[in-house]
Amino acid sequence: MSSNFVDDSAILTVNQLSKSFGGVKAVNNLSFSVKENNIHAIIGPNGAGKSTLFNLITGVITPDTGEIKLSNQDITSLRPDKIAERGVSRTFQNIRLFPDMTVFETVLIGTYLMTGGKLLPAVFRTKSFRNKEREAKERIEEILKFVGLWDMRHEYAARLSYGNQRRVEIARALATNPDLLLLDEPTAGMNQQETKELMQLFSQVNNQGITILIIAHDMHLVNTLSNQITVINFGEKLVEGPPEMIQNHPAVLEAYMGRAEANA
Amino acid sequence: MFIDQLINGIVLGSIYALMAIGYTMVWNVLRFINFAHGEVYMGGAFVSLYLLLLDTPIWLAYLGGVCAGALLGYLMEKMVYMRMRNAPKLNLLIAAIGISIVLQNLAQYIWGATPERLTSPFLSKNIAVGDMLINQHYIFIIILTILVMIVLELFINRTLMGKAVQAASQNIKATQLMGINANKIISITFAIGSAVGALAGILVGPVFLVYPTMGVFAGLKGFTASVMGGMGNIPGAMIAGLLLGVIESFAAGFISSGYRDAVAMVILLFILLVRPQGIFGKIVQQKV
Amino acid sequence: MVFSKSLIAKKMFMFLVLAVLLVGCSATNSSSGNSDSSSKSSDTLKVGLQAPMTGDNAQYGQDMKNGVELAFKKINKDGGINGKKLELIVGDDKATPSEAVAVVNKMIMNDGVKAIIGGYNSSPTLAAQDVSGPAKVLHLNMGASPDLSKTGNKYLFRVILTGSVYVPAVMKYMAEEKKVKKIAALFENTDYGITMYDAAKVSTKELGVEFIAAEKYNPGDKNFSAQLSKIKTLNADAVMVVGLYNEVALIEQQAKQAGLNIQFFSPDDSMYSEQLIKLGGDAVENHIFASMIDLNAETPEMTEFKKLAEENNTPAQANTAIAYDAAMALAKALTEGDGDTDKSRDALAKIKYQGITGPIKFDENGDRANTPMIMQVQKGDFKVIKESE
Amino acid sequence: MELIKRSAFRKSVLLLGGIALFLLPLGIVNPYFMYIINLILIYAILALGLDLIVGYTGQVSVGHGAFFGIGAYVAAILAKNLGFSLWLTLPFSIIITAVIGLIIGFIGLKLIEEYLVMATLAFGTIIWLVFLNWTDLTGGPMGIAGISAPPTITLGTLQFPFIQYHDYYPLLLIFVYLGILITRLIIKSGFGRACTAIRDDELAAQAMGIPVFKTKVIMFTISAAFCGAAGALYAHFLHVVSPETFAFGMSVTILTMVMIGGQGSITGAIIGAAILTVSSEALRETPELRMLIYGFLIVIMIMFFPKGIMGLFQISKQRLLKKSIQVEKNVVEKEGLSYEQ
């Protein structure tokens, strides 16, 4: 397959990706790449195919055509857990927490890749098993302190405020030690204060060397946070570039008018 | 032997088809498997039997059984399932299993466990077709099944109520929003499905007898047929029922009669794994 | 939250303690209850009935229960067993081996029965006598399988005839009187069906007949079309059905529906019940079988039994009579043994009692030594067509 | 410090209680009670096993009666035909049941929710029909009787023969403890947590790198192995096996134990086993009413106490409320997802 994007510094390369549902093209011949250590935003009106794109990248659904590469390794059509294993973690548009678990327990799930989930060592409680468990718990302490939830670690995650639930989700994603973090409209439904705090958190995460790919509606957030923006509409790429360029691009304004004005 | 088995298969298949309708209709509106449907089949047959004991004219007794079946389905819905609308599917399933245990044993408590024969005006007569003898009751079963299928098709496609049921099976919540009383639709669905199930039990009564556990395997087979036909697909369920009956009869005749009931189960597993939408099913979107 | 978690743990622990206490209490209660009943046991003596009370075979269990109850009523009215009243403990074995073991366990250990009447079916009885034998509990069963003679359990007696007596009698009749040559067998896939078929095969050479088919079915089956259409293609002279009334009635009905008009016969009287005629109707007409009892016999015992049954509003069925006999014989043995199990056993082994089903005496295997008669269904009734020899 | 003390106290109390339970037979005279308690222990192993897949992993099976049966029949056949003792039949039962569980899990667990229920139902029925019809091997409807008791255990000069029901109790109790221990070790590990995550949200679990299908299959296999072990113990305890024991009704009974006790709880599984065993024995006196009452109990419990008895111990009503909101949300989300597709 001919590749338009051969970029060694790209952590994620999406090449001519297409997916349709019952004749409707949700993603249509889409190509773009995400550079390492960037905060890359994907914006577009409702139904533009952003969430479908995330589901394709994380393997929840498989594309009809096209390829997805992670640091030049083909991950197209891999299972979601295999993709997670290669360092891609995500949050969901509608927060998906485990209803029966405390904050600590929830984030502990994120350490699955670290502890391995092997059965026999668990039953015999081998030394390496105990070491890994201890390391996992230390790592969670670190993460929870980092996202500011340490004091709430014994609360049931589903009982926290919306903003804090999102933090739990992010903490859980961080616990998998990702290189690339996918955030699907992380600030939707948050108040201004929460949004501001979350944005700070995202920069901090990014400062730790984690590349972020973020779907957002909030233009303000996108403009201040990201250093690269891809605008998509009807599953196709409209335009791509740094925020300054996107802000004033006529095609974007046309497709995105209402919201751009509202948030200006 | 071939023709013998074919006729047996079609007769059995008619019964399975009637049973499958009940499963499929309930699935349509509630997306759940009413495991107690087999007990409606048994209940209808028992009520007919009881009415006959009271010297009720035979057609009236049959009709009474069908009505009782409908009532049983309706009550099941009203007393248990309706109160569990927000419960997880698994809980509904277990409630259904509980109901089925209750009804089986209630029947045994009232009427005893001894199998009884339901009378039929046709049972003792055979019709000669060429050098084949076919029992009149068998022909009665086949004709009635076809009749019920036609009536049901007409009801669903030609009447307002039928259309409401159809709409409900597309989306029960939207139906409710449109001002149709969803609970009423569900009740009617239960009543019709159960009436057809009870009819199946009454038709079988003269051939395979009436006893408290008669619904267990009939239920499983009807349910298998409804899966074969594609859950929620009424014409599919009817054809699949017939097919299942024929396959089962041939398997019993030519392979082993002990594994007669296993045939349906193997088909069920196979369909679930290879074609979960059923043989004739439209593809139902699986949730991610 | 940490606190509430340990609270849950505490509650759980309390619950466990409570549960243990409860179990303990009920246990001590029952042991004291036992001592109560032992003081009470001076005036009652418990006997268990192991029979199918639910499921397809429930009619047999009910008939047996009726018979035993009739007998106990009469015995208790006449002063009981040396002054002790007989009390019946009913245990439902559901005609299955593991349930039989469970109920017999319960009757012996919890209720302390001194003897057990039943079961009706061979397989459950074979399994249950493994429990009653070591516990030295008299077990008077009604299974037909010849295997029940081979258990070596000296507390096990059989109040009906063994299959190895029934089978030759009916085979001989079919060969000599009905001139049957080719027989198709259709039997229950249980100890009873298989051993009866095996016993029938033994006599074929001598009589010059042969089995041309051996079809099986499982107890509770309702659809016999597969077996019957196979038999239909074979042109047999007769079909031997080994089974209980449900299946026999259905088989003959379905045979008729399939256009298979042939002589049916059974080696024993397991289907001897009004239910056979009620279910089978015209289809069971002419069915031939070997029987140990004729309900139309005009013996004084039968007359008395029928009168008793009528007084108590109990239907007088074959199995009611057999169970009645078993209970009467047991009572006689218990009276002679006077509370001692081994004495009662010896008394039963040597018993001579004229019952409704003829003289009751047991051979060294605990089997009856009578010979059967041949009966036939005629005009909806059971008629003797050949007296016992 | 406070915390450690508390948990140490808890542990020692549990340990003492656990040891004290061994003394239970001393207080029970009636062998029939002992028989029932032993049955409870066997059912407890079954319920623990089923809870692993239903309660902890969220995959409902109505076919586990068949695994129980396979374990029992393997033990019975080996004991009868090859003269194996419990110590030899038990590993065979466990391994064979586990292998069959692995195969069935591998085939069936690709299905979700109702479809999985149907598939396990079909599987269970097929296995039951095999028990019933493979007369040469399984004895057909007659079953297999005369299965040997476990061999006498000799510890130094002490001998522990298996004659009365009192003798079986310590052995069965040890197996129940073993079951509890293994269950706990599994749950409190990355693997066990992965299962819980799958139960609560498959999609989120998978996004965390959990191989959903593999994890389910492994847990299903372990669950089957538990039932296999219970089967072998049952065969050597009751000395007889016959097919109807392992029909659909058994699968339902085990599931009901788990539901009534409370899913995803070790204590719940054991309480469920105890309640169902005791109630079905207590209702034996009234054979016609026994199953009737049993059925009513199931319906009432599931309607009004769907969280089972352990659910009553959950202190916070608010939590339940929150949970139902969350469940609702998940549903909406799922529908949203499928709609988008």
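Let me start with a definition: a residue is buried if 20 or more other C-beta atoms lie within 10 Å of its own, with C-beta atoms placed from the backbone. By that count, 60% of the 288 residues of chain B are buried. Please keep in mind throughout that what we have here is a predicted model.

Let's stay with chain B for a while. Chain B has 11 helices and 2 strands. Starting at the N terminus, the order of elements is α-α-α-α-β-β-α-α-α-α-α-α-α. How compact is chain B for its length? Its radius of gyration is 18 Å, and the globule rule gives 19 Å for 288 residues, so chain B is as compact as a globular protein of that length. If you draw a box around the C-alpha atoms along the principal axes, you get roughly 60 × 45 × 35 Å. As for contacts in chain B with a separation of 6 or more, 75% of them are between residues 24 or more positions apart.

Now, a helix pair in that chain. Two packed helices are described by the angle between their axes and the distance between the axes. The pair I have in mind is helix α1 of chain B, residues 2-30, and helix α9 of chain B, residues 215-228. Their axes are 7 Å apart and the packing angle is about 70°. Angles of 65 to 115 degrees count as roughly perpendicular, and that makes α1(B) roughly perpendicular to α9(B). If you want to follow along on the screen, α1(B) contributes I15(B), Y16(B), A17(B), M19(B), A20(B), G22(B), Y23(B) and T24(B) to the contact. From α9(B) come A218(B), G219(B), K221(B), G222(B), F223(B), A225(B) and S226(B). Sorted by type, the residues of this contact are 9 nonpolar, 5 polar and 1 charged.

One more stop in chain B: I58(B). You will find I58(B) in helix α3 of chain B, residues 58-79. Is I58(B) buried or partly exposed? It has 14 C-beta neighbours inside 10 Å, so I58(B) counts as partly exposed. Leaving aside residues up to four places away in sequence, I58(B) touches L52(B), T119(B) and P121(B). There is also a pair to look at across the sequence: I58(B) and V207(B) are 149 residues apart along the chain, and their C-alpha atoms are separated by 16 Å.

Let's move on to chain D, and begin with where it meets chain B. Here 37 residues of chain D are in contact with 36 residues of chain B. Which helices of chain D each supply at least two residues of the side that touches chain B? They are α6 (113-133), α12 (248-261), α14 (287-304) and α16 (317-340). Of these, α6(D) gives the largest share of that side, with 13 residues. The side of chain D that touches chain B comprises 27 nonpolar, 6 polar and 4 charged residues.

Chain D as a whole has 16 helices and 4 strands. Of its 341 residues, 57% are buried. For contacts in chain D between residues at least 6 apart in sequence, 76% link residues at least 24 apart.

Within chain D, have a look at helix α4, residues 64-82. Its 19 residues reach 27 Å from the first C-alpha to the last, close to the 27 Å expected at 1.5 Å a residue. Helix α4(D) is mostly covered, with 16 of its 19 residues buried. After α4(D) comes G83(D), which has a positive phi near 70°.

Chain C offers a helix to set beside that one: α9 of chain C, residues 245-257. It has 13 residues and reaches 18 Å from first C-alpha to last, close to the 18 Å expected at 1.5 Å a residue. In α9(C), 13 of 13 residues are buried. And just after α9(C), G259(C) takes a positive phi of about 75°.

I'll finish with chain A. Chain A has 11 helices and 10 strands. Its radius of gyration is 19 Å, which agrees with the value near 18 Å for a compact globule of 264 residues. The C-alpha trace of chain A spans about 60 × 45 × 35 Å along its principal axes. Buried residues account for 49% of the 264 in chain A. And of the contacts in chain A with a separation of 6 or more, 66% are between residues 24 or more positions apart.

Thanks, everyone!

Methods: Residues are numbered from 1 along each chain as its sequence is written. Chains are lettered from A and ligands numbered from 1 in the order in which they are written. This is a predicted model: local features need pLDDT of at least 70, side-chain atom pairs count only at pLDDT 80 or more; totals for chains, interfaces and linings use all residues. Axes are lines fitted to C-alpha atoms, for helices over the stretch in contact, and angles run from 0 to 180 degrees between N-to-C directions. Angles under 35 degrees count as roughly parallel, over 145 as roughly antiparallel, 65 to 115 as roughly perpendicular and the rest as oblique. Two residues are in contact if their C-beta atoms, placed from the backbone, lie within 7 Å. Ala, Val, Leu, Ile, Met, Phe, Trp, Tyr, Cys and Pro count as nonpolar, Asp, Glu, Lys and Arg as charged, and the others, Gly among them, as polar. The radius of gyration is taken over C-alpha atoms; the globule rule is 2.2 Å times the number of residues to the power 0.38. A residue is buried if 20 or more other C-beta atoms lie within 10 Å of its own, exposed if 12 or fewer, and partly exposed in between; C-beta atoms are placed from the backbone. The expected span of a helix is 1.5 Å times one less than its number of residues.
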